[in-house]
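Visitor: I would like a close look at a single part of this model and at what surrounds that part. Please take one element and work outward from there.

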Amino acid sequence: MSKKGLKMAQSEGSQRDAAGLEALISRAAAQGKGLPPVEKWNPDFCGDLDMEIKADGTWFYMGTPIGRAPLVRLFSTVLRKDADGKTYLVTPVEKVGIRIADAHFIAVELNVSGEGDDQVMTFRSNVGDIIEAGADHPLRFVIDPDNGGLKPYLLVRGRLEALLARPVMYELVSHGEDMVIDGKSMFAVRSKGAIFPIMPSGELEEQSL
């Protein structure tokens with residue numbers, strides 16, 4: 001194919017992608033307010049979309065950030081991560097794949113109320129979700145293999161998770177306490193009666209040096 005032909009094909013492909021995105025937006029918007037029952041929908045897979053959620057929570061389409069917050073919020077309501085480990089935008093009639101650099105959302109705010117077993121940790125995501133950590137919305141903690149830093153994640157819904165922003169992580173850790181769990185001294189946090197171990201107390205001391 002000539003360079004001119006290649007450019008024309010790429011242009012036509014971009015136009016089709018844009019048209020497909022607009023159609024997807026209209027179908028997602030048609031679901032109305034609130035969270036649609038994406039877990040109950042089983043549409044055919046329609047291919048991958050050139051869309052990615054970056055590690056900082058920014059949504060990109062065809063290499064360009066999606067700057068409209070209401071549009072990002074709309075797309076976030078039709079997100080679904082399936083058992084194959086891939087993430088899709090799902091409507092009743094189609095399922096398209098998108099890329100996820102790290103987590104689906106970012107937890108940008110934390111409110112802590114109560115004490116002891118009555119303590120509740122409530123998070124707000126970058127797309128407006130309000131989530132109370134607990135047995136149904138557990139926290140998990142991993143060590144970043146690249147820099148050894150702590151990365152906390154919160155289950156939002158289905159298999160979708162939010163990565164805690166660094167200031168939120170520091171605030172969460174400030175509410176941690178040493179507990180004996182399965183015979184081991186662990187640094188952990190609690191919310192809605194559930195306990196979430198962060199790391200062995202000794203390892204925390206080493207990271208603090």
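Guide: The model is predicted. The part chosen here is strand 14, which is mostly covered: 6 of its 8 residues are buried. Buried is used here for a relative accessible area under 20%. The strand spans residues 184-191.

Strand 14 belongs to an open sheet of 3 strands, in the order 13-14-15, with antiparallel pairing. The edges of this sheet are strand 13 (177-181) and strand 15 (194-200), each of which pairs on one side only. Between neighbouring strands of the sheet the turn is 55° on average, direction ignored. As a general point, the side chains of a regular strand alternate between the two faces of the sheet.

On the side of strand 13, strand 14 is held in register by 5 bridges, and the two strands run antiparallel. Two pairs can be named: Val-180 stands opposite Ser-185 of strand 14, and Met-179 has Met-186 as its bridge partner. Strand 13 and strand 14 form a hairpin with 2 residues between them. In that turn, Asp-182 has a positive phi of about 55°.

On the side of strand 15, 6 bridges join the two strands, again in an antiparallel run. Met-186 stands opposite Pro-200 in strand 15. Met-186 therefore appears in pairs on both sides, as the partner of Met-179 and as the residue facing Pro-200, with strand 14 in the order 13-14-15 and pairs defined by bridges. Strand 14 and strand 15 also make a hairpin with 2 residues between the strands, and there Lys-192 takes a positive phi near 55°.

Before this sheet in the numbering comes helix 3 (166-174). Val-168, Met-169 and Leu-172 are buried in helix 3. Seen down the helix axis, these buried residues fall within an arc of 100°, so they line one face of the helix. The other side of helix 3 carries the exposed residues Arg-166, Pro-167, Tyr-170 and Ser-174. The general background is that an α-helix has 3.6 residues a turn, so residues three or four places apart point the same way.

Helix 3 also takes part in the largest pocket, to whose lining strand 11 (150-157), strand 12 (160-164) and helix 3 each supply at least two residues. About 200 Å³ of space lies in this pocket. Among its lining residues are Arg-166 and Met-169, along with Asp-102, Asp-144, Lys-151 and Leu-163. Of these, Met-169 is buried in helix 3, while Arg-166 is exposed on the other side of the helix. The largest share of the lining, 3 residues, comes from strand 11. By class, the lining has 6 nonpolar, 2 polar and 4 charged residues.

Strands 11 and 12 lead to another sheet, an open one of 6 strands with mixed pairing and the order 9-8-7-12-11-10. Its edge strands are strand 9 (130-132) and strand 10 (139-143), each pairing on one side only. The twist in this sheet averages 40° from one strand to the next. At one end of the order, strand 8 (residues 120-125) is joined to strand 9 by 3 bridges, and the two run antiparallel. Phe-123 stands opposite Ile-131 in strand 9.

How values were computed
Residues numbered from 1 in each chain as written. Predicted model: local features only at pLDDT ≥ 70, side-chain atom pairs only at ≥ 80, totals over all residues. Heavy atoms only, no water. 1 Å grid on protein atoms, 1.4 Å probe; cavity = no way out; pocket = protein on both sides within 12 Å on 5 of 7 lines; lining within 4 Å. Points joined across faces, edges and corners; volume = space filled by probe spheres on them. Helix = DSSP H or I, 4+ residues; strand = E, 2+ residues; numbered from the N terminus. Nonpolar A, V, L, I, M, F, W, Y, C, P; charged D, E, K, R; others polar. Axes fitted to C-alpha atoms, helices over the stretch in contact; angles between N-to-C directions. Buried < 20%, exposed > 50% of the residue type's maximum accessible area, 1.4 Å probe, protein only. Arc of directions from axis to C-beta.
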